[in-house]
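Trainee: Could you take me closely through a single part of this model, beginning at one loop and following the contacts that lead away from there? I would like the cut-offs stated as you go.

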Amino acid sequence: MKQRLTKAVLLLLALAMLFGIAGCSSNENEMLSELVQSLTQERKDLQEKLNAAQNDLMTVKQELSAVKADAESARQELTQLKNAPTPTPKIVTQEIVTTVPGTSDYAIGVDCTVNGGMAEQLLGETLVKCVPNNVDGYVFDHWEVDGVAKNTTDKTLELTVSRTTVIRAVFHERHILKCINCHFQFLTDKGNASGKSLKEFDFEDEYTNLATKKRMKGGLISFYITADVPKRQEVDYWLINGVKYQFPSPLYPNPTVGR
């Protein structure tokens with residue numbers, strides 16, 4: 001009985017060792033299988049990269065061949081152009097007939113345009129239209145033709161001339177009253193100062209007298225002027241258009257300026 005028990009125990013130990021060995025073999029096989037799969041995938045990836053590099057290299061070779069072919073074609077065309085014969089120049093003769101006016105007379109504009117330009121060539125009797133230029137601070141006054149004043153103030157002058165003629169637009173300074181260190185007022189019918197005090201007034205054209213409310217002809221103005229005297233100072237003299245005037249009072253009554 002004891003021997004049977006011993007044999008049974010030994011048999012169980014043997015089986016346990018066999019199963020242990022079998023378990024170890026199974027684990028090693030799994031690890032080996034995973035390693036083989038990893039190496040296989042790496043080899044596959046490397047093969048794909050190698051194929052892609054070979055394709056890129058083939059494309060570059062094809063492009064290089066095309067460039068070489070284009071260069072060779074261009075070289076051949078250049079050689080043909082260099083070897084081509086030079087064409088003989090063709091001389092063309094053309095007869096041109098022009099008509100030269102038999103006059104050197106002009107209508108010449110000074111400070112104005114003549115038919116839209118500075119001068120107009122005359123071909124016999126010629127109608128010319130003259131327009132004054134725009135000059136800052138000045139206003140058209142009248143016309144002069146060959147130094148003789150024309151009896152017209154129209155801004156457009158039309159005349160017929162047949163010989164050299166100089167046409168001049170004459171200007172005058174715009175009529176503006178400016179007060180510096182002083183002010184002025186308009187006068188009533190009785191000659192008294194009245195209304196708003198002003199420093200500057202444009203009387204070139206027709207205007208309204210602010211004291212009488214009457215319409216006045218442009219170019220002439222009457223007013224009462226008063227100096228703006230600072231404290232502890234007094235008037236020394238007046239300057240009117242740059243001319244010195246000496247008056248005993250800071251008031252300069254009833255001056256009249258204009259044309």
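**From one loop outwards**

Mentor: N181 is found in the loop between β9 and β10, where strands are DSSP runs of E with at least two residues and helices are runs of H or I with at least four, both numbered from the N terminus. This is a predicted model, in which local features need pLDDT of at least 70 and side-chain atom pairs count only at pLDDT 80 or more, whereas totals for chains, interfaces and linings use all residues. Residues are numbered from 1 along each chain as its sequence is written, and side-chain values use heavy atoms, with hydrogens and water left out.

N181 has a positive phi of about 60 degrees, although this residue is not a glycine. With a relative accessibility of 59%, N181 counts as exposed; on this scale, buried means under 20% relative accessible area, exposed means over 50% and partly exposed lies in between, for a 1.4 Å probe with protein chains only. A related backbone feature is found at D111, another residue other than glycine, whose positive phi is near 60 degrees. D111 sits in the loop between β1 (106–110) and β2 (112–114), and its 39% relative accessibility makes D111 partly exposed.

Going back to the loop of N181 and on into the strand that follows, we come to aromatic rings. Rings of Phe, Tyr and Trp (its six-membered ring) pair if their centres lie within 6.5 Å, and planes under 30 degrees apart count as stacked, those over 60 as edge-to-face and the rest as tilted. By this rule there are seven aromatic pairs. One of them joins F184 and F186 edge-to-face, with 6.0 Å from centre to centre and 70 degrees between the planes, and both of these residues are buried. F186 also forms an edge-to-face pair with F201, at 5.3 Å centre to centre and 85 degrees between the planes. Because F186 lies in strand β10 and F201 in strand β12, this pair ties together parts that are 15 residues apart in sequence. F186 has a relative accessible area of 1%, while F201, also buried, has one of 16%. Taken as a group, F184, F186, F201, Y207 and F223 form one aromatic cluster.

The strand that holds F201 also leads us to the charged contacts. A salt bridge is a side-chain nitrogen of Lys or Arg within 4 Å of a carboxyl oxygen of Asp or Glu, and a search of the whole structure finds six of them. In one, the side chains of R174 and D202 meet at 2.7 Å, N to O. This pair links distant parts of the chain, since R174 is in the loop between β8 (165–173) and β9 (176–178) and D202 is in strand β12 (residues 200–202), 28 residues apart. R174 is partly exposed, with a relative accessible area of 33%, and D202 is likewise partly exposed, at 34% relative accessibility.

A second salt bridge starts from the loop at the other end of β10: K214 meets D189, and the closest N and O atoms are 3.3 Å apart. Here too the pair links distant parts of the chain, with K214 in the loop between β13 (207–208) and β14 (215–216) and D189 in the loop between β10 (182–187) and β11 (193–198), 25 residues apart. K214 is partly exposed at 42% relative accessibility, whereas D189, at 61%, counts as exposed. A further salt bridge joins R215 and E206, with 3.5 Å between the closest N and O atoms, and E206 is exposed, at 51% relative accessibility. Salt bridges that share partners join R174, D202 and D205 into one network.

To draw the threads together, N181 is exposed in the loop between β9 and β10, while F184 and F186 are buried and belong to one aromatic cluster with F201, Y207 and F223. Around these, R174 and D202 meet in one salt bridge, and K214 and D189 form another.
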